[in-house]
Amino acid sequence: MCGTLVDYRGVHGEGCVVVEDGVIVGITGRPPSAVNLLDYQGQGVYVAPGFIDLHVHLRGLGLSYKEDEHSGTAAAAASGITMVADMPNTVPRLSTAKTLSEKLQALERRSLVDYSVYAGIPGSLEEASRLASMPIAGFKVYPSDLLDRFDIVRAVLDSSDTLIVVHPELPEAEKPLVESNSSRTMHRGCHWETAAVELVASLQPRARVHITHVSCPSALERARLAGFTVDVTPHHLLLQEWDEDCLFRVNPPLRDAHHSMLLLERLLEGMVDAFASDHAPHAVWEKSEPLTCRPGIPWLEAWPQMLYCLVEAGALGLSKYLWLVSRGPARILGLSGYGVLETGARANLTVFRPGSGRVLAPELSKARHIPYFMERRCMEVLATIVGGVVVYHEGVLTGKTGAVNPFSWREGAHQRLHREEVSS
């Protein structure tokens, strides 16, 4: 794979990445003699470490009508995303060893990109121990868990070798069932978000805590003060609360332009560790009634291209963008060998060309209705390589995959990948 080599450390110049058995074995300045060579040198094309989305809802199991492991990871591949981490609020929830095994098996059979899952908080400490022993990325804490399973939450937070991803709202924020988008923004205000971060911090966790989809600057600042890592979503940066359409309904809710601008300022000041999409697909009929429609926005076919506009505008450096989409998520997940171009790293690569265009309707995700149709995008993904296998090339899925779960022990070159302990 040849082009302008770049990662979070900067632009390394024109060159080629040499891959064997799913691992980068060399970086060279000249195209090597190879059977499967994609050469973009001299064409203004970047070859970067594969993008990672650490917060997606691939649905599957009883919710496969919304999205499934193949359609969701196909959409990811089209955006240069080479790894996804799937959330546990499926039907049934991923809070038992049996259901989690079924989910992992489905991903192993059908995923086009590297994958892992978060376990839901179970009903007993014994089940929590069983889940923790499985090849998962960590546990996900929802607002209801802070009410219904608080003792289990406290126990997993006390586990020093575990990643805990927290949805930062207190349970009280979820009580109303029927609301307009504007009233939801008022009811589910920043006070609930910041208070949830404060509650988790007060428990003095030994686990690695990650606060996901932060929508409020105050919650972000409190999380950083506690030493937690933080991600932000494209919708909390790019969209505002003003529209009552179902397509804009999401949890936590969209904020006003003032809060979005403050969140962007904190991002540009270096207070955010990663971008994450919170890709949340639904069927058309579930997004049709404004007062009762399901919350969530599908993002997998668009968000890296749209957020690259921050680079094109000169607000965000290319190296910082690559940290937020690749190396930052890898460190949060505790993975070495991801998010960097160097010998011994996982051969997950994203090849893209900067340039303006418009976001069209999704073609690969089952969720086809989006609130950002025809909005500006600022780069085009040309190829997505997973484990040295080209899974997407110039608009077409190749039908191949080299996908693995990096939290599983595999034979061969994948043994070189291991979990990396990263302090918050």
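I164 stands opposite V209 in strand 10, strands being DSSP runs of E with at least two residues and helices runs of H or I with at least four, numbered from the N terminus. The model is predicted, so that local features require pLDDT of at least 70 and side-chain atom pairs count only at pLDDT 80 or more, whereas totals for chains, interfaces and linings use all residues. Residues are numbered from 1 along each chain as its sequence is written, and side-chain values use heavy atoms, with hydrogens and water left out.

Strand 9 (residues 163–166) pairs with strand 10 (residues 208–211) in the parallel sense over four bridges; pairing requires at least two bridges found by DSSP. An open sheet of eight strands, paired in parallel, follows the order 5-6-7-8-9-10-11-12. Strand 5 (51–56) and strand 12 (274–275) each have a single partner strand, so one side of each lacks a neighbour in the sheet.

Helix 2 (residues 97–110) packs on the sheet, in contact with strand 6 (81–86) and strand 7 (114–120), contact meaning heavy atoms within 4.5 Å. The direction of helix 2 makes about 165° with that of strand 7; axes are lines fitted to C-alpha atoms, for helices over the stretch in contact, and angles between N-to-C directions run from 0 to 180 degrees. Helix 13 (residues 318–333) runs at about 60° to strand 5.

H236, located in helix 9 (residues 234–238), is buried, with a relative accessible area of 3% (buried, under 20%; exposed, over 50%; partly exposed, in between; 1.4 Å probe, protein chains only). Beyond four places in sequence, the residues touched by H236 include H213, P252 and L263.
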